[in-house]
Amino acid sequence: MTNLILDKLAPKGFLRAGINLSNFLLVTGKKSNGDPEGVSPDMAKALADELGVDLKLIPFDRPGELADAVSEDMWDIGNIAVEPERSKTINFSSPYALIESTYLVRSNLNINTSTDVDMEGIRIAVAERSAYDLWLTQNITKAKLVRAKSIGESFSIFQDNNLEVLAGLRPKLIDELSKTKDCKILPDAFTFIKQCIGFKPGNPEVETFINNFINNSIKNGFVKKLFLKYDVFGKLSLPVK
């Protein structure tokens, strides 16, 4: 590691890591001091250790808020999912975790795969500015997206308004299925959410350093240990390297 990387990644002498609190698989609780706890904070801590600096976690309630803050010098790295729209202002590392996104649908509809969903008259509840919302915005042409401010609210909108489809992460939809009647989860995914480390653009040395850190963390089993530690192995998948 060079001083250039340290100056670029931790210009204040410590690493500020933006953490998306709404991802229940990557942030699974809080420590006694109130800091978020889970795979995402632990990955940030490991990167800070690699740099030899202290870590300061900067929590955000939603991923869109974290992404917007890139221009406000609030964080040095941001742990959120990569997505083409976000990539206009943020550089992203290779992924350290994958999450399957799919649909919960009403059983009485003739919808059996994810490609069946995009039809006239279909309303899809979705958490706004989530990575899968951004994917749906780019790819859904006939169905209507009904956006909610949070994952929990998207389920409420789906239920209260008797919408046809709820988009979400498969592990969360499995939990929601028990709260519904006459619904099913589709067997295939419409996309896989890639959880990455974001950083400010224009720093190829930083990109190489972070990608090497992630690749080594996957190869040496550290990421898998975090999945097991926080009981999300099987809900989160390891990228194939």
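What volume does the largest cavity have? In this predicted model, the figure comes out at about 240 Å³. That cavity has company, as the structure holds two cavities of 30 Å³ or more.

Start with the walls of the largest cavity. A set of 25 residues lines the space, and those nearest its centre are Asn-20, Ser-22, Asn-23, Pro-63 and Ser-130. As for secondary structure, the elements giving two or more residues to this lining are strand 5 (77-81), helix 4 (131-139) and strand 12 (191-199). Strand 5 is the top contributor here, with three residues. Sorted by class, the lining of the largest cavity breaks down into 12 nonpolar, eight polar and five charged residues.

Now for the other one. The second largest cavity has a volume of about 50 Å³. Its lining takes in Tyr-132, Ile-151, Ser-154, Phe-155, Leu-166, Ala-167, Gly-168 and Leu-169, along with Lys-172, Leu-173 and Glu-176. Two helices and a strand each put in two or more of the residues around this second space: helix 5 (151-160), helix 6 (170-177) and strand 10 (165-169). Of these, strand 10 gives the most, with four residues. By class, the second largest cavity is lined by seven nonpolar residues, plus two polar and two charged ones.

Methods:
Residues numbered from 1 in each chain as written. Predicted model: local features only at pLDDT ≥ 70, side-chain atom pairs only at ≥ 80, totals over all residues. Heavy atoms only, no water. 1 Å grid on protein atoms, 1.4 Å probe; cavity = no way out; pocket = protein on both sides within 12 Å on 5 of 7 lines; lining within 4 Å. Points joined across faces, edges and corners; volume = space filled by probe spheres on them. Nonpolar A, V, L, I, M, F, W, Y, C, P; charged D, E, K, R; others polar.
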